[in-house]
Structures are given as structure tokens and as C-alpha cells.
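Thank you all for coming; please have the sequence and the model open beside you while I talk. I will go through one strand and its neighbours, and then turn to charged side chains.

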Amino acid sequence: MKLALARWIVRLASVLVPPERRADWVEEWQAELWYESRGRGQGVVTKAMGAFRAAWAVRRYARGGHPPAGSTRIQGMTTMGRDFGQALRALTRSPGFTLVAVVTLSLGLGATAAILAVVDSVLLRPLPYPEADRLVRLDHPAPGYGEDTAWGLSVAGYFHFREGMTSLDELGAWYQGQVNLTSEGDPERLSSVAATTPVLEALGATTAVGRTFVDADDDPGAPNVALLSHDLWVRRFGADPGVVGRNLQIDGEAVPVIGVLAPGFELPQSDVDVWFPWRLDHEAEAQNSHYVQAIGRLAPGADLARANEEMARLTARLPERFPAAYGDAFMSESRFASRVRDLREVVVGDVGAALWIVLAGVGLVLVMACANVANLVLVRAEARSREVAVRAAMGASRRALGRYFLLEGILLTVGSAAIGLGLAALAIDALVAMSPPGIPRLDEVRVSLLTAFVVGLAAVLVGAGFGAFPILQSRSRALARLLGEGGRGRTAGRGAVRVRNGLLVAQVALAVMLLAGSGLMARSFQRLAAVDAGFEPAGVLTFQIGLSSEGYPDAAAVYEAHRTLLARLEASGMIAAAGATDALPISGGHRCITVTLEPEYASSADEAGCPQVRFVSPGYFDALGVEVIEGRGFVEDDNISQTGAIVASRAMADLLWPGTSPVGRGARLWGPGFYRVVGVVEDVRGSGLDAGEEPILYFPLQPLAGEGYPPVRGMTYAVRSASGSTVGLVPEVRAAVAEVDPRLPVAALRTMDEIVSRSMVRTTFTLLLMAIASVMALLIGVVGMYGVVSYVVAQRRREMGVRLALGAAGAQVTGMVLRNAVALALAGLALGLIGTVATTRLLRSLLFAVSPTDPATLAAVSALLLAVVILAAWVPARRAARVDPVVALRAD
Amino acid sequence: MSEPESATLSFNAALVLQGMTRGHRYGFELMKVTGLPSGTVYPILARLEATGLVRSRWENEERAHGEGRPRRRYYETTGAGEVTLRAALEKLARQSRLFGDALQTGSPVE
């Protein structure tokens, strides 16, 4: 039976043999098998398996031709190809080692590759615009009004810089907003941008259909036109090229479409549906209103330093050129400054810090993986030390030996790297799929050639390092000792043991550091989530509407529409409270209006600077769940009778009127009349939960009688569900809006919970990545510990056998192994804790309300790691106790 | 005959050649006597044959069939093969002096 199988195997292998030799070759093998089966007949099948390699060898040598006749240079036998094959075979002969090493390395290398790809795409690669490294953003930091405050340009300032800055080839301006589209389908609210032509030129915009803006479109008298984004064109107009030239109803106005932008073209950091030209009037009076987003292109030969210097000089001249808008008091109080920054720096923002930290974490994992495998290689090298010695004695030069082991190491690591890169590609797909919005450029991440090259190079270097171990061990003194000890079945001398232990300790230390970092971040996250936002987000649905001047020509009409909608919403049984505001907490940006205080009551100069101002309706505080702590909130009468009542947040009250109650105090905006504070409310968190409390002054929708501030056309509504659940509120809200005006689109329907969680996105994302790295570190640590302890136990079988034979109980042997492992773990723990304390201050920027050396976290991590180490060493330790002393003693 | 430029056979190849000179001529016999698997021995034989150190021949067909068994292929060293093997053995002898009796007794000299 076995013979038949063996013969069949040989026939299969014969396919490889060149046809002219095949018959002979098969006959030779079948004959040998026949004789084998007549003899002891052991392992015919195994022997037959060798036929494949034999056939392959015949094939190689038949094709390759003979070396010159009479040549006795056998050196050529040790070709790279042969060594490669040998190395491969050696690896497959110890499958346990190879499997563990490959899994460990590919995890480590894969994770590193994935994060490198992210770092490369997000931080290093240039933005997708032509010559993107020459693009710059201009803005005005105003630290006098807040540490991180930065404003856009004013219109007058924009022209001023455009004329004066020679270091810029182009300077463009834009601002974003929203418009209603009411033709060709359901009314929809589109995100829009008004931009001057240089913006599109600087960004290298091209069109799929039609044209982009030209300078003529920027003239103040020119007609309005629309440029559609590619996404909008496909989504709403079915990619119909005929849309160019058609008129769209935008905010009640008929606007012709002049073109469609190329696919993939975006404003940096924003997805915008439609572009309009921004027809700025050069002659218009200068105003102290800074909302212009400016982008420019550096002139050839110019650099950021020169541009910054020019802008600073020009900024200093603003008060002399526009004294009404840029008063000296304003300039010194706000500490008005100028700044030119690389576009990429602006886009990437502070994500860089988080990414580098994650990269460091993953780097630690890779180092752990390498330490792990190094340990395994070391132990395995000791086991093969005899083979090394004999090879060396048989004349294999040190170079040949070196090359052989080097190949083995490199084969291992490069193979793992290939697998790792595949894993990285998968991981990136998963990462992008669950990527939260707010991480810039994540959709651009790919495993680039650079990443693959770096990882490959790392693999080769590491593999070479691994390969060096057996060579280093084959020095003559060690050689003799090893050979002799090989005869007695003991493991290598103290030097090697120390290295091995050192590697284990290092692994544990690295794992501690990684876990501690993750633990701290997890606690941060926990604290962040528990922050009192100052309002109740649960059960609140928000949406936005915009009232265009065509349908609502004056302030009265706007106010009437808001009042009607609010009344209609509050009348619904599903809604407990409804309110409106021009900007929600957390998602609002820095917007301020200059406010002047009534002098007799203010403690400082009459100008209060530029505090945060919000326009809200009555019912707003109830809808969001903001507590009124003194006085009252807004009532409808404030709007009807234009009482001029305002409400201050607690921090604002402390800021403007410290030490006394703010109720009754006055403040005014642009007009002459003073508004009076009627109440104080609890603070809400500003942009992002980790921002501090922002002082806010709340104004009513209707201004004081006799004063006019522009009507608030774009409002965000917040409705609190009576039942506590927001499901089912959406149709109710749509119905209410449709009743007020069927042409009004409802936009940005989101629950407050969603908005809150989105603000924590950066921390969440980083935490997720660190958590994954930690889990991998734990896995690698476990596998490593298990692998090494197993191997060493197997090597020391003899010693265990002796001990057991001499009367030691199994438990004693187990205990011995465990004690060794635990001692190493404790050493690693100590080192790791020191390392953690030294390095976690680097995490400070990502931590929230948690000290970098939080003792509770460190204690938990230590306990976890100790438990893991004991677990990993347990199984091999038990196996040590079950060694049969007779077998162990007999084996060589 | 000139001294071969370098007589470094791979260790396994030397084993195989040595086995051959000791009279083990068939593939499977060489496997047993050297302790190497078939996947190693046969490629070595192919290599040695390709470089002219060894030649292979069928044994006498009539005799084999007459005795009711299949004919076997046997291998023998060529002149070049003998020379190469001799050089390798000399080198080995020089080097193994380092071990003294260690190879026989299995323990280090000290």
C-alpha cells in the first residue's frame, strides 16, 4: 500500500524532470523504492517525498549546462540560490519557531507600515495642488482676545496686502456660507463659497465641463455665476453636461451655471458644493470686520520668512491708512498681529502631535517584536550550535557560514515584512472606513512606495542582525565550549543566558511603557466624557435653516418667520422646548463682536473688548438644558417689546463685572442704546469639550427699539424631545418648517449627542490606535514569553530530568521555572516603570485631567503585565514537571 | 593532475562522496549511510554529476532481470572526484586536530 503511494508520488514529481531524462529518472526511483520496500521498508513514502527536490535538481542541472570540463572549483556550489533554498528548508524544519517569529514580526512590521503610511500621507506628502509647498495662508492672530484667537483678513486689508506684498505671486480671498437651492428638485441647502479668481488659480483648479472664474467675474458690477463641485454635479444633476448654461434658483435669484469642477478638487479642509465669484469692492469703506480667508502663492525666490516680514510691515501701516477701522486702542488691546503659514501646516493642524505619538507607540511594538524574535533566534542558535561548529570544522568559511545565516535571518524578516505590508493595507482600509471626520487627509492614505521601502529596509537590517547571532557565537572559544556542552546536553554558557534574559526584561519593560501610555489615554477619555458640558445634550435634535433676503426682505420678516416656526415647534406634543441660536455650543467657532460697557459700573476702561456674543431665542436655554442661576432667561416679550434684555454666562459676568451681580448692568453694540443684563446662566463648553468655559453674552433676536442690528438669517434650531428620544422628531421638524415656508430647506439635522462625540474625535481616534498597539504588545509579549520559556525548558530537559530523578517533586520544578520567569518580569516591570515616568510627559498634550504619572493607572498596568507573564510561563513550566527523567537522561 | 584550486566541498557532498568510495553506490544506500534525506542526497548527486566529480550508470540489465528484480542506477566517483575528495579530507584532518579526541570521546579536552 505504502509502496503504491510512494510510486505515485514519484510519478507526480517526474513532471519536473526534463522529458528526455524522465523515463530513466522514474525507473531509477521506482527501482530504489522497490528495494527499499523489500528491506526494512521504513518510510518509503517519506523517501519518495524527496523525489520533488531531486527532480528539481535534475531539471536545474540539465538546463544549466555543465561548468567547463575539468573544472574543480566546487566553490560555485555554494551559490546564493542554494543558500536560499537551504535557509528556507532550515526554517521549515523548525515550524514552531518559524511560525511564532513570522507572526510576531509581521504584526510588528505591519503595524509600523500602517502608521508610517498614515504619517507619510497626512504629515509628509504634499497637498494635492500643483506646487503645493508654495501655497500659504494669511491670518491675524489676536492674542489679546484669547490665547488661540486668530482672525481672517478684513476686505480693506486684503487689498492692502495684495498691492503691497511682493513675496506673493497671487493672493486670493474667500469666505464660506450656505445657500438655498430651490430649482430642479427638492429644496436643498448647499454649502457654498464665495471666492475671488486668484483662489482657483492658486489651487490649480480645472473643470470637467465649462469654465472656471476669470478676472472679469470679480468686477463689482459683473453678474453672479455658479461653479458646481463635481460631487454635487453627479449627485444632484446626474452628471448631465447640459446643466452648464442653465439657470439655478439660488436664494431666490436666477444664477447661470458656468462650469463643473474636476473630480477630487476641494478647498483645503472643506467640501463645498457650489462656488460663486466674490465681487469685492476696492473702493468700499474699510471696516473692522475680519472674515476674509486668504490664500496665496509664494513668488519664485521668496520664502516664508520674507512673506511674514512683509505682512508684518504692512500690518503696522493699517492704522495710518484706515484709521476708522484700525484704531490704536483696538490694535494694542487685541495685540493684532500677522502671520503667513504654509498651507500644509494649517491643514494638518495639531494632528501631528498625536500621530507622532502613535508612531512612537507602534515603534515600541516593533522593537518588542524584534526583541522577541531575537530571543527565539538566540535560543534556536544555541540548539544548532553543534551544527554550526561541525560546518565550520568541515571547511565552511566564516564568510560562507555568515552568508548562510544572514540569508536565513533576512528570509525570515523580509517574508514577514511582505505579509506585514499586506496586513497594513487591510488595516488602512479598515482605519479609513471607520475614520472619524476631523482627521485631515485620511482619505489620501495609502501604503506608498516610500513606506514599503522603509519597511523593507528595516526588515533587511533586522534580519541581518538576527543572522549575526549564530556567527557571533561561533568564535573559537565559544565553539569548543558549545561542542563540549552539546555532548552533555546543556544549554550555552552564561553570556548567552544573560543576553536572553536581557531581551526578555527589555520586552516586558517596553510592554509596560506602551500599556501605561494607553491606560493614561483611556483615563483621559473617560474624564473627557464625564465633563459637565454645561448643558444636556441627550434627547436634543438640531437643524439649520437660512432665510434669504428675497423671501424675507427685512428684519421684521426674518423675526416673524423665526417666531412662527418656534411657536409651531413648541405646539407639537413631541417637543418639550424649542429654541434657536446663531451658533451652537461646541461646534461654534470664535466669533466676537466689539461690545462697550456702560462706564459708571465697569471697573476698567469702557471698551470690553471683543467677547463672544450669541443671538438666541426664548426657549433656547430650556431646549439645551442650560441652567439659569440668577435672574431670568429670555421671554417672548423681550422680542415683542424690544426691551433690550440680555443674559450673561457666569464666566462673562465674572470677567466684565467682577465681584458684583451683573443684573442691571449695561452694554451696547453698534448703536447708542445700552442693553441691560436680566439674568445669568451656567457656562457651556466652547469648541470642543476640552476647551475651557467660554464667557458668552447672549442677545435677543430683536434689537433695542431704535437700534438696528442685521437680522440673523441663518439660525440653528434645537428642539428637546418630550420623550427623551430624538427618533421620530425629524418628520415633525420637517413638517413644521414646511408649514412656515414650503420652499425652506432643512439642513444639518444632527443630534446634540452626535455633535458632542464628534468634538472628541481626535482623542478617540488616537486612543483607538494606541489601544490596538497595546493589545498587540500584550499579544507579542505573551507569545514571546511562552516561546522562549518553552524553548529553554525543552533545552534544559536533561537538567529537569536529573532533578526529577534525584527526587524533586514536579511542583518544585514548575516553581523553579516560574520563579525565573517572574524574577525577569519584575526586573522588566521596574525598568518599564522608570521608562514610563520619563517619557509620558510627552503625552501631556493629549491627556485631559490626568497626570502623566497617575499611580492608579501604573499600578493596574503592572498587575496586568505580571498576570500575563505568569500565564505565559505557566504552560511550559508545567511541561517541565512532566518530563520523564529516564527519557531525558538517555537522550543526548 | 593539477591540484584543485579550492577543495571546499559542502560537508554533505563530502559525506556522499566518501560514502561512495566506501562502496555504497546506490542512491538509497547513500541516504542510509550518510544519514541525509533523499531530498538532500539526490540533488547532491545531480550536482556532483553535473560538475563531473561523479558518474552514474545502470547496472547490468540482463543480470538484474534474470534475478527477477529491477535494475538499479549506481554512482561512482570520477578521477576528479577522487582528487577533490582527498583534498577536502586533508583539510578536514588539519582542522579537526583542533578538537583532539573531542570528536571521539564527546567531551572537551579540559
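**A covered strand and some charged pairs**

Let me begin with strand β17 (residues 645-649) of chain A, which is mostly covered, since five of its five residues are buried; buried here means under 20% relative accessible area, exposed means over 50%, and partly exposed lies in between, with a 1.4 Å probe and protein chains only. Strands, like helices, are DSSP runs numbered from the N terminus, with at least two residues (E) for a strand and at least four (H or I) for a helix.

Before going on, I should say that this is a predicted model, in which local features need pLDDT of at least 70 and side-chain atom pairs count only at pLDDT 80 or more, while totals for chains, interfaces and linings use all residues. Residues are numbered from 1 along each chain as its sequence is written, chains are lettered from A and ligands numbered from 1 in the order in which they are written, and side-chain values use heavy atoms, with hydrogens and water left out.

Within β17(A), the side facing one way carries A645(A), V647(A) and S649(A), the other way is taken by I646(A) and A648(A), and all are buried. Which strands pair with β17(A)? Pairing requires that DSSP finds at least two bridges between two strands. Strand β19 (residues 675-681) of chain A runs parallel to β17(A) and is joined to it by five bridges, with R676(A) as the bridge partner of A645(A). Strand β20 (residues 696-699) of chain A runs antiparallel, joined by two bridges, and there L697(A) stands opposite A648(A).

Turning to charges, a salt bridge is a side-chain nitrogen of Lys or Arg within 4 Å of a carboxyl oxygen of Asp or Glu, and by this rule the count comes to 25 over all chains. One of them joins R341(A) and D139(A), at 3.2 Å from N to O. Because R341(A) lies in strand β11 (residues 339-342) and D139(A) in strand β1 (residues 135-141), both of chain A, this pair ties together parts 202 residues apart in sequence. Both R341(A) and D139(A) are buried.

Another salt bridge is formed by E739(A) and R568(A), whose closest N and O atoms are 2.9 Å apart. It links helix α24 (residues 729-740) of chain A, which holds E739(A), to helix α20 (residues 555-571) of chain A, which holds R568(A), 171 residues apart. Is E739(A) buried or exposed? E739(A) is exposed, with a relative accessible area of 55%.
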